[in-house]
Amino acid sequence: MTVNSKTFKTNLIFWTCYFLYEWLANSAYDNAYGAHLLAASLFTPLIILATIFTIYFLLRYYFNGGEKWKFWVGLIASMLVFGVLRRTINYFLIYPMIWPDSRNAPYILPVKILFEIVNTYLIVALNAMFYFTQAWYEQQRLAQSLQKDKAEAQLELLKSQVQPHFIFNTLNNIYSLSTQNNSKTPDLIFRLSSLLSYMLYDSKQDTIPLTKEIEYISNYIELEKIRYGERLDVSMNILMDPDHIRIAPFLMLPLVENSFKHGASHSIEHCWIRIDVLAREGALIIKVENSIPINGCIQHAKSGIGTDNLRKRLEYIYPRKHEFRCIAEEQSFLATLKIKDVVHENKVPVSG
């Protein structure tokens, strides 16, 4: 059993207050301060022992361990033991000092023992309530920590999905262009460098400027276009001022990557991708639409590791503040992401 300093201080204050209450409140009735001081000095350790036994032994090892019958048997037995102990203290030590005539009653009197049990276990129950409240808050804290770790792991998985196949293919394509002395080679190398910088550094932040995300997507598109040539038409329309707006990193990538993976890569003819970024009624809206090849299978476009991770990340990062929809039609596939109450730098409002 480990007790941190905060828990120790809380318990110290609680039991000090109980001790003073047991002594001073009872002494106010008959002015027997000495007798009640002795009673408080004996009852307080007794109830502390009952509390420790009930919470840190019976509750922790039996109740939480699933052996509830052992918990109830142990609780009833301990209540009888501590009830008799308190009755013993009162009968032989306290009552003779305050009410000598009370010794005429039997020592083992069920009503009196029940009274002592109630007085003892009301305090134990109050401590148990504090214990469960503290355990609940600790569980909530751990759950939030696990959610954060899970979201970060999903982001790392998302980045690792991009790096192996995409970067390998891009390097091969750039190498091929360099052997032909293609004038685009330096620009593509610069774009790849910027993309890697984003993956390694910018994406580790909780939020990034929307302009950074747009720049990243632009670099990604230009590098992907190397292998498609003239048969791919990509348009990205920024229908708003992206300055002063911050979003979580890697929100657009799964949508754009999905449009290449399930659209352009399956088409041998002319294909297209359209990306719109706009603001409406205080919300940021990202639309990614791509063509579907004739007789192409669009079922897989609705899901995938990237989009599934995106849904989970959105639930954690923007709970109840986002909408993510996918619409599959005969010749196109549309993914729409709406984020409400996006973070603004310098409190500049979003306007459509």
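The exercises below work through a predicted model of one chain, each with a stepwise solution.

**Exercise 1. Overall content**

Task: State how many helices and strands the chain has, and what share of its residues is buried.

Solution.
- Step 1. The secondary structure comprises eight helices and eight strands.
- Step 2. Of the 352 residues in the chain, 39% are buried.
- Step 3. Contacts can be sorted by sequence distance: among those between residues at least 6 apart, 72% join residues at least 24 apart.

**Exercise 2. The annotated transmembrane regions**

Task: Find where UniProt places the feature "transmembrane region", and describe the chain over residues 71-93 and 113-132.

Solution.
- Step 1. The unreviewed UniProt entry gives this feature at residues 35-59, 71-93 and 113-132.
- Step 2. Residues 71-93 are 100% helix and 0% strand, and 32 Å separates the end C-alpha atoms of the span.
- Step 3. Residues 113-132 are 100% helix and 0% strand, with end C-alpha atoms 28 Å apart.

**Exercise 3. Thr120**

Task: Locate Thr120, decide whether it is buried or exposed, and list what it touches.

Solution.
- Step 1. Thr120 belongs to helix α4, which covers residues 110-179.
- Step 2. Its relative accessibility is 0%, and buried means under 20%, so Thr120 counts as buried.
- Step 3. With residues up to four places away in sequence left out, Thr120 touches Ile47, Ala50 and Arg86.

**Exercise 4. Packing of α1 and α2**

Task: Describe how α1 and α2 cross, and which residues make the contact.

Solution.
- Step 1. The two axes come within 9 Å of each other and cross at roughly 145°.
- Step 2. The crossing of α1 and α2 is right-handed.
- Step 3. On the α1 side the contact is made by Trp15, Tyr18, Phe19, Glu22, Trp23, Leu24, Asn26, Ser27 and Asp30. On the α2 side the residues include Tyr33, His36, Leu37, Phe43, Ile47 and Thr51.
- Step 4. Sorted by class, the contact of α1 with α2 has eleven nonpolar, six polar and two charged residues.

**Exercise 5. α6 and its two partners**

Task: Work out the orientation of α6 relative to α5 and to α7, and give the make-up of each contact.

Solution, α5 with α6.
- Step 1. Helix α5 spans residues 185-200 and helix α6 spans residues 210-224; their axes come within 9 Å and cross at roughly 135°.
- Step 2. This angle makes α5 oblique to α6.
- Step 3. The handedness of the α5 and α6 crossing is left-handed.
- Step 4. From α5, the contact uses Leu188, Arg191, Leu192, Ser194, Leu195, Tyr198 and Met199. From α6, the participants include Lys212, Glu213, Tyr216, Tyr220 and Leu223.
- Step 5. The contact of α5 with α6 has eight nonpolar, three polar and four charged residues.

Solution, α6 with α7.
- Step 1. Helix α7 covers residues 253-262, and its axis lies 11 Å from that of α6 at an angle of about 15°.
- Step 2. Angles under 35 degrees count as roughly parallel, and α6 and α7 are therefore roughly parallel to each other.
- Step 3. The crossing of α6 and α7 is right-handed.
- Step 4. Glu213, Tyr216, Ile217, Tyr220, Ile221 and Glu224 of α6 meet Leu253, Val256, Glu257 and Phe260 of α7.
- Step 5. By class, the contact of α6 with α7 has seven nonpolar, no polar and three charged residues.

**Exercise 6. Leu251**

Task: Place Leu251 in the chain and identify its contacts.

Solution.
- Step 1. Leu251 sits in the loop between β3 and α7.
- Step 2. Leu251 counts as buried because its relative accessibility is 0%.
- Step 3. Beyond its neighbours within four places in sequence, Leu251 contacts Glu213, Leu310, Arg313, Leu314, Tyr318, Leu337 and Ile339.
- Step 4. Ile286 is 35 residues away along the chain, and its C-alpha atom is 9.4 Å from that of Leu251.

**Exercise 7. Positive phi at Asn31 and His244**

Task: Give the phi, place and exposure of Asn31 and of His244.

Solution.
- Step 1. Most residues other than glycine have a negative phi.
- Step 2. Asn31 has a positive phi, near 60°. His244, not a glycine, has a positive phi of about 75°.
- Step 3. Asn31 is in the loop between α1 (5-30) and α2 (33-63), and His244 is in the loop between β2 (232-238) and β3 (245-247).
- Step 4. Asn31 is exposed, at a relative accessible area of 58%. His244 counts as partly exposed, at 29% relative accessibility.

Conventions. Residues numbered from 1 in each chain as written. Predicted model: local features only at pLDDT ≥ 70, side-chain atom pairs only at ≥ 80, totals over all residues. Heavy atoms only, no water. Axes fitted to C-alpha atoms, helices over the stretch in contact; angles between N-to-C directions. Helix = DSSP H or I, 4+ residues; strand = E, 2+ residues; numbered from the N terminus. Parallel < 35°, antiparallel > 145°, perpendicular 65-115°, else oblique. Left-handed = near helix turned anticlockwise from the far one by under 90°. Contact = heavy atoms within 4.5 Å. Nonpolar A, V, L, I, M, F, W, Y, C, P; charged D, E, K, R; others polar. UniProt positions renumbered as here; feature names shortened; annotations may be inferred. Buried < 20%, exposed > 50% of the residue type's maximum accessible area, 1.4 Å probe, protein only.
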